[in-house]
Amino acid sequence: MSQRGSSSATNLSGCGTVLCKHNIPAVIKTSGTETNPGRQFYGCPYWKQNESENPGKKNCRFSRWVEMVGDELEDRKGSIESLICQLEHSLLLAESKAERRKKEKKRLAQDMMVWMKD
């Protein structure tokens, strides 16, 4: 099978849906070429539609092999998991800092009460 295809990152919606260049969900198609028979790919939903069916919309020529998108998603998943760990660590640090400030505020309020009594 040929490995040709765009090397740019796949445009994904927030829920992981592959989007074409129109920023709408791409559809899975099956290649009928001699070099890639039966190979599945994502393509623009306006592919092979005439102008009268969708006025103003024509094929944006987006295509991405299904397995390439899967590899990309795995790479992104690792990056996202790493980012989540970093965010969890930052959250723990922030919570700890907030707790220390809360205690300091309470201590200062108590000191102020003592000072006001004198």
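**Reading a predicted chain, feature by feature**

Colleague: Asn23 sits in the segment before β1 (27–30). What is phi of Asn23 near?

Modeller: This is a predicted model, by the way. Phi of Asn23 is near 65°, a positive value in a residue that isn't glycine. Arg61 is another non-glycine with positive phi, about 70°.

Colleague: Where does Arg61 lie, and is Arg61 buried or exposed?

Modeller: Arg61 belongs to the loop between β2 (40–43) and β3 (63–65). Its relative accessibility is 69%, so Arg61 counts as exposed.

Colleague: Let's zoom out. How many helices and strands are there in the protein chain, and in what order do the elements run?

Modeller: The protein chain has one helix and three strands. Reading from the N terminus, you get β-β-β-α. The helix, α1, spans residues 66–117.

Colleague: What share of the residues counts as buried?

Modeller: Of the 118 residues in the protein chain, 19% do. The accessible surface comes to about 9400 Å², with 56% of that belonging to carbon and sulfur atoms. As for contacts between residues at least 6 apart in sequence, 45% join residues at least 24 apart.

Colleague: Which residues make the nonpolar surface patch?

Modeller: Met112, Met113, Trp115 and Met116 make a patch of about 540 Å². To place it on the chain, note that Met112 is found in helix α1.

Colleague: Now the cysteines. How many disulfides does the structure hold?

Modeller: Zero. The idea is to check the sulfur distances: a disulfide needs the two sulfur atoms within 2.5 Å. The closest cysteine sulfur to that of Cys20 is in Cys60, 3.8 Å away, so the pair is too far apart for a bond. Cys60 is in no disulfide either, and its nearest cysteine sulfur, that of Cys44, is 3.7 Å away.

Colleague: Are Cys20 and Cys60 buried or exposed?

Modeller: Cys20 counts as buried because its relative accessibility is 2%. Cys60 is at 15%, so Cys60 counts as buried too.

Colleague: One last thing. What is the mean pLDDT of the protein chain, and where does pLDDT stay under 50?

Modeller: The general idea is that predicted coordinates shouldn't be read in detail where pLDDT is low. Here the mean is 79, and 77% of the residues reach 70 or more. The stretch under 50 is residues 1–7, for which the model has 11 contacts beyond four places in sequence.

Notes:
Residues are numbered from 1 along each chain as its sequence is written. This is a predicted model: local features need pLDDT of at least 70, side-chain atom pairs count only at pLDDT 80 or more; totals for chains, interfaces and linings use all residues. Side-chain values use heavy atoms; hydrogens and water are left out. pLDDT is the predictor's confidence in each residue, from 0 to 100. Contact means heavy atoms within 4.5 Å. Patches are made of residues with over 30% relative accessible area and no salt bridge: like charges are joined within 9 Å, nonpolar side chains (Val, Leu, Ile, Met, Phe, Trp, Tyr) within 5 Å. Accessible areas come from the Shrake-Rupley method with a 1.4 Å probe; for residues, only the protein chains shown count as cover. A salt bridge is a side-chain nitrogen of Lys or Arg within 4 Å of a carboxyl oxygen of Asp or Glu. Helices (H or I, at least four residues) and strands (E, at least two) are DSSP runs, numbered from the N terminus. Buried means under 20% relative accessible area, exposed over 50%, partly exposed in between (1.4 Å probe, protein chains only).
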